[in-house]
Amino acid sequence: MKGKKKIDLWKLFGIVFILAGMGCFLYFVFLMRILGAATQFNYFWLIASFCLAGLGLSFIFAKGGLSRLPKWLLFLIEGIVAAGCAIFIIVEAIIIICGNQTAGKADYVIVLGAKVNGTYPSLSLKARLDTAVEYLMKYPDSKVIVSGGKGPDEGISEAECMYNYLVSKQIAPDRIILENQSTNTKENLEFSGEYLDMKKDSVVLITNDFHVFRSVRIAKKMGYATVSGQAAPSLWYLIPTNYAREFLAVVKDFLFGNISLYDSKEAIDEMPVLMDNVRLAYGRFNTANGKAVIVELWMTQGEWFTEEYAGSSVGIYPENYQGNYVLKTIAEDGSVLSERNLNEDWKKVSGVSSDRILNFGGNFIINATDYNNDDCPDFTIGQAVSSSTNEYVMYTVKEDGILELLCESMLLNTNQNFSIIFNQTVKNGEKCIIETQWNNAFGKEDEHYFYWNKEKNLYERMVE
């Protein structure tokens, strides 16, 4: 009976692999019809389909043959497969996370080239250019480097195609720098670096979402001191092939030394990098009267450095933006409705007399809800106070867009994101916000409660 279960398990694995192989083959046929035979990576899915189907058939007809292998060899095979799956999942997760980040203001934007169809941008390149247009409209002081040479099947260079497109979208020609010699991502960054100061200038790389992580890591390896990525969307039906190909490219570049988990020695020697007027976070909300506003968090003056430079400790992240911050509410027409000094608010709410230097680990989204049922959006901004807990200042956006504090003291939570929505409950007949804090002595979370004081128009900690 025991042996029969093992044979059934192998057959189940076999069926799964055969179905996966059929899926790969159908995807290959689809790509060939859409992209044509010239796209070489299409054949990856054909090879994968035969490999998966062959593996599935071997599972079905082996009749448990693999189970008769020596245990040490089975453990080795299982370990290799498990390690490969873990590496694939981790790398893909990093690629996806980096592909969802939003960049702040930079001195230069580099648009990485992609295929040109004759003299017109491909859909992937158009997505990058549309993202660049949106960015350049928002930050009119930033210059843009369009980077890409001319392929054998392209009518003009990728740089010239991008230049023409940006000019047609009302981007001033004197803001655009053409780099038309590069043939790959590494050359894009190497040749574009000749038009700027890699140690002093802040740079945003615009490329498709799946490509952000690798391009930023290559740039850091080459010595770009302050670089981040702005993702352009990908075509939905190319997501499997783009992310599979990018995984292989990341592994290849890591093995060949083109990317590193650490920043270059030259870049570290130049840290910290002084920065000002960098937008790190934003949230788009509607006020109680239906007015649309944007809340933005700006570092007005500070410095950027990496974890390798600073050393690992509480409140230190792979990338760090440490300095003075302001929160702004901005109307749809771009006018500033309200502005608050976050450092001063932190000092006021914490009750500490000394100044607090704030540090954030990169771009994030400001999340809002309505805690006190007045139809005004309420949100929090947090900082690490220990290895397991963040402290948060809570704000509300009034009908006229004015920012006001919503709680008289700090709120603690074991969720360590920079902006969170607190859970709520009913305590002693009153709707309360739940504060959580890790209790090391007892190895558990402690809960405290904040209730709405209508007279003070503030949240106060409930006496328990």
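Here are some notes on a sheet, the nonpolar cores and the cysteines of this predicted model.

1. Some ground rules. Residues count from 1 along each chain as its sequence is written. The model is predicted, so local features need pLDDT of at least 70 and side-chain atom pairs pLDDT 80 or more, while totals for chains, interfaces and linings use all residues, and side-chain values rest on heavy atoms, without hydrogens and water.

2. Take the open sheet: 4 strands in the order S20-S21-S22-S23, paired antiparallel. Strands here are DSSP runs of E, at least two residues, numbered from the N terminus, and two of them pair if DSSP finds at least two bridges between them. S20 (424-427) and S23 (458-461) are the edges; each has a single partner strand, so one side is left without a neighbour in the sheet.

3. S20 meets S21 (residues 430-439) over 4 antiparallel bridges. One pairing to look for is Gln 424 with Ile 433 in S21.

4. The largest nonpolar core (buried Ala, Val, Leu, Ile, Met, Phe, Trp, Tyr and Cys joined through side-chain atoms within 4.5 Å) has 33 residues, and Ile 381 is among those touching the most other members. Strand S10 (residues 292-306) gives the largest share, 5 residues. A second, separate core has 27 residues, including Cys 161 and Val 326.

5. What about disulfides? With sulfur pairs required to lie within 2.5 Å, the count is 0. The sulfur of Cys 407 is 12 Å from its closest cysteine sulfur, in Cys 432, so it is too far for a bond. Cys 407 is buried (under 20% relative accessible area) at 2%.

Conventions. Buried < 20%, exposed > 50% of the residue type's maximum accessible area, 1.4 Å probe, protein only.
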